[in-house]
Amino acid sequence: MGGADPPAPVHGGGRPGGALRRARHSSLLTEAMYAQYRCERHDPAGDGPTWRAAVLAGQHAVRGAEPLLARIPPGTAAPHRGGARALQRHADEVAAAFRRQAAALRAREPAGAALPAVARARAALVAELDGAPAPGTDGRVSLHAVDVAVWLAGLLDDLQQIHEPGPPDDARSAPPAGSFRKG
């Protein structure tokens with residue numbers, strides 16, 4: 001999603017097969033690492049990130065992109081150049097928020113260290129959706145652009161949940177007490 005390789009539905013280039021293939025591969029590796037992590041013993045008192053939320057954020061990025069790329073012909077996500085530039089800018093801001101969150105997780109920064117990047121991306125996206133038409137546009141919005149904007153907003157929601165306060169990761173995924181009964 002970065003500026004060097006914008007999404008095909010926005011800029012009209014070819015299919016991003018290589019990037020999506022690499023993202024799927026990374027997603028599979030991440031899921032395998034998370035499964036191993038869940039099988040190991042951990043200190044339940046830890047107040048670190050919710051790793052399940054981190055894995056889901058990556059899954060939603062990849063699995064949300066796939067149907068959009070399949071459904072939206074290249075270059076048709078926005079009906080005009082101004083809308084395409086705005087959509088590209090928002091995609092870049094969401095990608096930057098993902099990179100910032102990844103850096104915070106790798107560096108074991110305190111909870112919420114990446115939230116300003118998420119908040120900036122969300123504020124820009126919401127302002128664009130709620131405000132007047134972008135400069136250089138005629139006010140038309142395509143349903144494809146709305147689909148992409150909703151997906152981007154959902155990705156920001158996913159990033160927000162990585163450091164949401166609550167019980168540790170193990171407690172969040174445990175089945176409710178009494179859910180397994182002896183027959």
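**Exercise 1. Contact range and overall make-up**

Task: For contacts in the protein between residues at least 6 apart in sequence, find what share joins residues at least 24 apart. Then describe the secondary structure and the burial.

Solution.
- Take the contacts between residues at least 6 apart in sequence; 84% of them join residues at least 24 apart.
- The model is predicted.
- Count the elements: the protein has 7 helices and 0 strands.
- Read them from the N terminus: the order is α-α-α-α-α-α-α.
- Turn to burial: of the 183 residues, 32% are buried.

**Exercise 2. The pair α4 and α6**

Task: Determine how the axes of α4 and α6 are oriented, and which residues meet.

Solution.
- Locate the second partner: α6 spans residues 143–160. Helix α4 covers residues 81–106.
- Get the geometry: the two axes come within 10 Å and cross at roughly 15°.
- Classify the angle: because angles under 35 degrees count as roughly parallel, α4 is roughly parallel to α6.
- Assign the hand: the crossing of α4 past α6 is left-handed.
- List the α4 side: Leu87, His90, Ala91, Val94, Ala97, Phe98 and Gln101.
- List the α6 side: Ala145, Val148, Leu152, Leu155, Leu156 and Leu159.
- Sort the contact of α4 with α6 by class: 11 residues are nonpolar, 2 are polar and none is charged.

**Exercise 3. The pair α3 and α6**

Task: Work out the relative direction of α3 and α6 and the class make-up of their contact.

Solution.
- Locate α3: this helix runs over residues 51–71.
- Get the geometry: α3 and α6 pack at about 170°, and their axes are 9 Å apart.
- Classify the angle: over 145 degrees counts as roughly antiparallel, so α3 and α6 are roughly antiparallel to each other.
- Pick out the α3 residues: Ala53, Leu56, Ala57, His60, Ala61, Gly64, Ala65, Leu68 and Arg71.
- Pick out the α6 residues: His144, Asp147, Val148, Trp151, Leu155, Asp158 and Leu159.
- Sort them: the contact of α3 with α6 has 10 nonpolar, 3 polar and 3 charged residues.
- Cross-check with Exercise 2: Val148, Leu155 and Leu159 of α6 meet α4, and Val148, Leu155 and Leu159 also take part in the contact with α3.

**Exercise 4. Gln88**

Task: Decide whether Gln88 is buried or exposed, and name the partner of its side chain in a polar contact.

Solution.
- Place the residue: Gln88 sits in helix α4.
- Apply the cut-off: buried means under 20% relative accessible area. Gln88 has 13%, so Gln88 is buried.
- Find the partner: the side chains of Gln88 and Asp92 are joined by a polar contact of 2.9 Å.

Terms used
Residues numbered from 1 in each chain as written. Predicted model: local features only at pLDDT ≥ 70, side-chain atom pairs only at ≥ 80, totals over all residues. Heavy atoms only, no water. Helix = DSSP H or I, 4+ residues; strand = E, 2+ residues; numbered from the N terminus. Buried < 20%, exposed > 50% of the residue type's maximum accessible area, 1.4 Å probe, protein only. Polar contact = N/O pair within 3.5 Å; in protein donor to acceptor, adjacent residues only side chain to side chain. Axes fitted to C-alpha atoms, helices over the stretch in contact; angles between N-to-C directions. Parallel < 35°, antiparallel > 145°, perpendicular 65-115°, else oblique. Left-handed = near helix turned anticlockwise from the far one by under 90°. Contact = heavy atoms within 4.5 Å. Nonpolar A, V, L, I, M, F, W, Y, C, P; charged D, E, K, R; others polar.
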